[in-house]
Amino acid sequence: MKCGAVIVAAGCGERLKAAKPKAFVMLGTKPLFQYSLDIFLAHPQINEVVLAVPEEEVSSFSKTPYKIVKGGATRQESVTCGLAALSPDCEAVLVHDAARPFVNAAILDRLIASLAQKKSCIAAWPVSDTLKASQEGVITHTIDRSSLWAAQTPQAFPVAILKQALSKAAKENFVGTDEASLVERLGVKVHLVIGDAGNIKVTTPEDWTLAEAVLKRPL
Ligand code: CTP
Ligand code: MG
């Protein structure tokens, strides 16, 4: 199975409030996007990698062992741009947010094993907080969390399925917060694969501080 990866790094990082796009801010010794990119490039079963970046960053890359594409106005559009740049013989794809720098090879192994059986799948982690539904600031009920999972990335699909899901969503003006939600709308089963509690998404300045602390922790 030929397997590619699309890493989306084209967001502006509004909530982080940094001077440049989030994925390009230095975290320790390298820009945020480089952490996950290095994991994908080093994985023996990933045959090619596409990185979607903001238009103004495209020229900052010269010759690379991965493809650079200009992203779109939404995350979903950036995924579409990245997917279009994959080789035509690529059968399966892992989509990943550059905002999750601590993805690891074991998560990729689990997703690829599931893909090999033609199963769409996402990395996810069981919810551990007690969840409350509310109306006007007052709890209406407590939600049973036993069947609830927090979706992470990577999310992995046969390329044809993801392309079909993206074009249906575009046609119907549906914007999802992840790829699985688009594939679910096709009626295709999406399986959960154990992600990692450490596979955090860096969104706010507080998350950034946490990511710096993770980097500095003794191994
Ligand atoms: N992303 C993208 N193209 C967009 C929007 C988001 O490639 N038009 C990417 C981001 O670069 C990030 C991932 O999607 O790696 C998840 O998005 P998010 O964490 O929301 O990042 P930003 O959109 O950059 O941040 P914000 O929403 O705070 O502006
Ligand atoms: Mg965003």
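## Exercises on ligand 1 and the pockets

A nitrogen atom of ligand 1 lies 2.9 Å from a polar backbone atom of G72. That is a good place to begin with this predicted model, so let us work through four exercises.

### Exercise 1: Polar contacts of ligand 1

Find which side chains place an N or O atom at 2.8 Å and 2.7 Å from ligand 1.

*Solution.* Step one: start from an oxygen atom of the ligand, which is 2.8 Å from an N or O atom in the side chain of K22. Step two: turn to a nitrogen atom of the ligand, which has an N or O atom of the S78 side chain at 2.7 Å. Step three: test these distances against the cut-off for a polar contact, a pair of N or O atoms within 3.5 Å. The pairs with K22 and S78 meet it, and so does the backbone pair with G72 at 2.9 Å.

Now add the surface: the ligand exposes 560 Å² when taken alone, and the protein buries 88% of that.

### Exercise 2: The shell around ligand 1

Describe the shell around ligand 1 by residue class.

*Solution.* Step one: take the 18 residues around the ligand, of which V8, A10, E14, K22 and S78 come nearest. Step two: sort the shell, which gives 7 nonpolar, 5 polar and 6 charged residues. Step three: link this to the contacts, where K22 and S78 have already appeared.

### Exercise 3: The largest pocket

Work out what takes up space in the largest pocket and which strand gives the most to its lining.

*Solution.* Step one: locate the ligand; the space taken by ligand 1 is the largest pocket. Step two: note its volume, about 990 Å³. Step three: look at the 38 lining residues, among which R15, R75, D97, A99 and K201 are closest to the pocket's centre. Step four: go through the elements; helix 2 (75-84), strand 7 (120-126) and strand 10 (149-158) each give two or more residues. Strand 10 contributes the most, with 5 residues. Step five: by class, the lining has 16 nonpolar, 13 polar and 9 charged residues.

### Exercise 4: The second largest pocket

Identify the element with the largest share of the lining of the second largest pocket.

*Solution.* Step one: the volume here is about 160 Å³. Step two: read through the lining, which includes T74, Q76, E77, L166, N173 and F174. Step three: helix 2 and helix 4 (159-171) are the elements giving two or more residues. Helix 4 has the largest share, 4 residues. Step four: the classes are 5 nonpolar, 5 polar and 1 charged.

Conventions: Residues are numbered from 1 along each chain as its sequence is written. Chains are lettered from A and ligands numbered from 1 in the order in which they are written. This is a predicted model: local features need pLDDT of at least 70, side-chain atom pairs count only at pLDDT 80 or more; totals for chains, interfaces and linings use all residues. Side-chain values use heavy atoms; hydrogens and water are left out. A residue is near a molecule or strand if one of its heavy atoms lies within 4 Å of it. A polar contact is a pair of N or O atoms within 3.5 Å; within protein, one must be able to donate a hydrogen and the other to accept it, and residues adjacent in sequence count only if both atoms are side-chain atoms. Accessible areas come from the Shrake-Rupley method with a 1.4 Å probe; for residues, only the protein chains shown count as cover. On a 1 Å grid over the protein atoms alone, a cavity is a set of points where a 1.4 Å probe fits but cannot get out, and a pocket is an open set with protein on both sides within 12 Å along at least five of seven lines; lining residues have an atom within 4 Å of a point. A molecule sits in a cavity or pocket if more than half of its atoms lie within 2 Å of its grid points. Ala, Val, Leu, Ile, Met, Phe, Trp, Tyr, Cys and Pro count as nonpolar, Asp, Glu, Lys and Arg as charged, and the others, Gly among them, as polar. Grid points are joined across faces, edges and corners, and a volume is the space filled by probe spheres set on the points.
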